[in-house]
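Here is the note you asked for, written for someone who is opening this structure for the first time. Please keep the sequence and the model in view while reading.

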Amino acid sequence: KVLLFDEPLSNLDAKLRRQVREDIRELQLKLGVTTIYVTHDQEEALAISDKVIVMNNAIIAQEGRPEDLYNNPKTTFVANFIGDANIVKAQIETKNKNDYGINFGDIQMKISSKIDLKDSVSIALRPEKIEIIKEKTNNCIAAKIINASYVGSCYQYVVSSSVGELFIVSNEIINHFKLNEEVFITFDESGITILED
């Protein structure tokens, strides 16, 4: 027996949607019934699922545990569909088996991949893994704040940089950055994923 939910919470407001989502998950675990849950709400999909299947034009783009899809998307489509991602081009500078030295905008990073990479590659940068700082440091690039939005629990920024416009989420809400402010940005290696396309 399989229980099918087809976008059951789409007409609820955000707070009620979260509450009902938790109730559905609790019931599903208590009853132990296999449940297929269709949704376009990525947060909802990640929050209630043991396994997620991302479909693109009726074809499975990727499947796996929620954290695997978020942390290791295989394609640009999956990276953008599961959460927010900044997609940029990087140059391959060194290779040692599955370990690569990459460069994007003069940022040097070491990253592992099972894909046999050649000269350049697309990488996904998660917005919460990019840090905005006031002072120049090692391995950072200059940027300018072109959009700043306070959304309650965090600030959301768009910056222009040598690798293009980047979307950044910052939990720093007291010492926030202003529109047109000149800043520097650094990248956490754990938020960088090499894409297959």
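The numbered points below go through the sheet, the hairpins, the cores, the aromatic pairs and a few single residues.

1. The model is predicted, and the points that follow should be read with that in mind. A good place to begin is the open sheet, in which five strands follow one another in the order 9-13-10-11-12 with antiparallel pairing. Strand 9 and strand 12 stand at its edges, and each has a single partner strand, so one side of each is left without a neighbour in the sheet. From one strand to the next, the twist averages 40°.

2. Within this sheet, the pairing of strand 11 (residues 155–161) with strand 12 can be followed in detail, since seven bridges join the two antiparallel strands. One point of reference along this pairing is Gln156, whose bridge partner in strand 12 is Val169.

3. Thr186 is a useful residue to inspect in strand 13, which covers residues 182–187. Thr186 has a relative accessibility of 16% and therefore counts as buried, the cut-off being under 20%. Leaving aside residues up to four places away in sequence, Thr186 touches Lys129, Ile130, Glu131, Ile133, Thr137, Asn139 and Cys140.

4. Asn139, one of those contacts of Thr186, deserves a look of its own, as its phi is near 55°, a positive value in a residue other than glycine. Asn139 belongs to the loop between strand 9 (130–133) and strand 10 (141–150), and with a relative accessible area of 32% it is partly exposed. Asn180 also has a positive phi, near 70°, and is likewise a residue other than glycine. The loop that holds Asn180 runs between strand 12 (164–170) and strand 13, and at 47% relative accessibility Asn180 counts as partly exposed.

5. Elsewhere, strand 6 (residues 99–104) and strand 7 run antiparallel and are joined by six bridges. They form a hairpin with two residues between them, and Gly105 in the turn has a positive phi of about 60°. Ile102 has Met109 as its bridge partner in strand 7. Which side chains of strand 7 (residues 107–112) are buried, and which are not? Ile107, Met109 and Ile111 point to one face and are buried, whereas Gln108, Lys110 and Ser112 point to the other and are not. This alternation can be set beside a general rule: in a regular strand the side chains alternate between the two faces of the sheet.

6. A further hairpin is made by strand 3 (residues 52–56) and strand 4 (residues 59–64), which pair in the antiparallel sense over five bridges. Two residues lie between these strands, and Asn57 takes a positive phi near 55° in this hairpin. Asn56 has Ile59 as its bridge partner in strand 4.

7. Which residues touch the most other members of the largest nonpolar core? That core has 30 residues, and the ones in question are Ile102, Phe104, Ile123, Ile185 and Phe187. Phe104, again not counting residues up to four places away in sequence, touches Val88, Lys89, Ala90, Met109, Ile123, Leu125, Val163, Phe187 and Ile192. There is also a second, separate core of six residues, which includes Val52, Val54, Val78 and Ile82.

8. A search of the whole structure finds six aromatic pairs. In one of them, the rings of Phe5 and Tyr37 have their centres 5.6 Å apart and their planes at 40°, so the pair is tilted. Since Phe5 lies in strand 1 (residues 2–6) and Tyr37 in strand 2 (residues 34–38), the pair ties together parts that are 32 residues apart in sequence. Tyr37 counts as buried at 16% relative accessibility.

9. Tyr150 and Tyr155 make another tilted pair, because their ring centres are 5.3 Å apart and their planes stand at 50°. Is each of the two buried or exposed? Tyr150 is exposed, with a relative accessible area of 51%, while Tyr155 is buried, with a relative accessible area of 11%. Both belong to one aromatic cluster, formed by Tyr150, Tyr155, Tyr157 and Phe177.

10. A final item concerns a charge and a ring: the charged end of Arg126 sits over the ring of Tyr70, at 4.0 Å from its centre.

Key:
Residues are numbered from 1 along each chain as its sequence is written. This is a predicted model: local features need pLDDT of at least 70, side-chain atom pairs count only at pLDDT 80 or more; totals for chains, interfaces and linings use all residues. Side-chain values use heavy atoms; hydrogens and water are left out. A nonpolar core is a set of buried Ala, Val, Leu, Ile, Met, Phe, Trp, Tyr and Cys residues joined through side-chain atoms within 4.5 Å. Buried means under 20% relative accessible area, exposed over 50%, partly exposed in between (1.4 Å probe, protein chains only). Contact means heavy atoms within 4.5 Å. Helices (H or I, at least four residues) and strands (E, at least two) are DSSP runs, numbered from the N terminus. Two strands pair if DSSP finds at least two bridges between them. Rings of Phe, Tyr and Trp (its six-membered ring) pair if their centres lie within 6.5 Å; planes under 30 degrees apart count as stacked, over 60 as edge-to-face and the rest as tilted. A charge sits over a ring if NZ of Lys or CZ of Arg is within 6 Å of the ring centre and within 35 degrees of the ring normal. Axes are lines fitted to C-alpha atoms, for helices over the stretch in contact, and angles run from 0 to 180 degrees between N-to-C directions.
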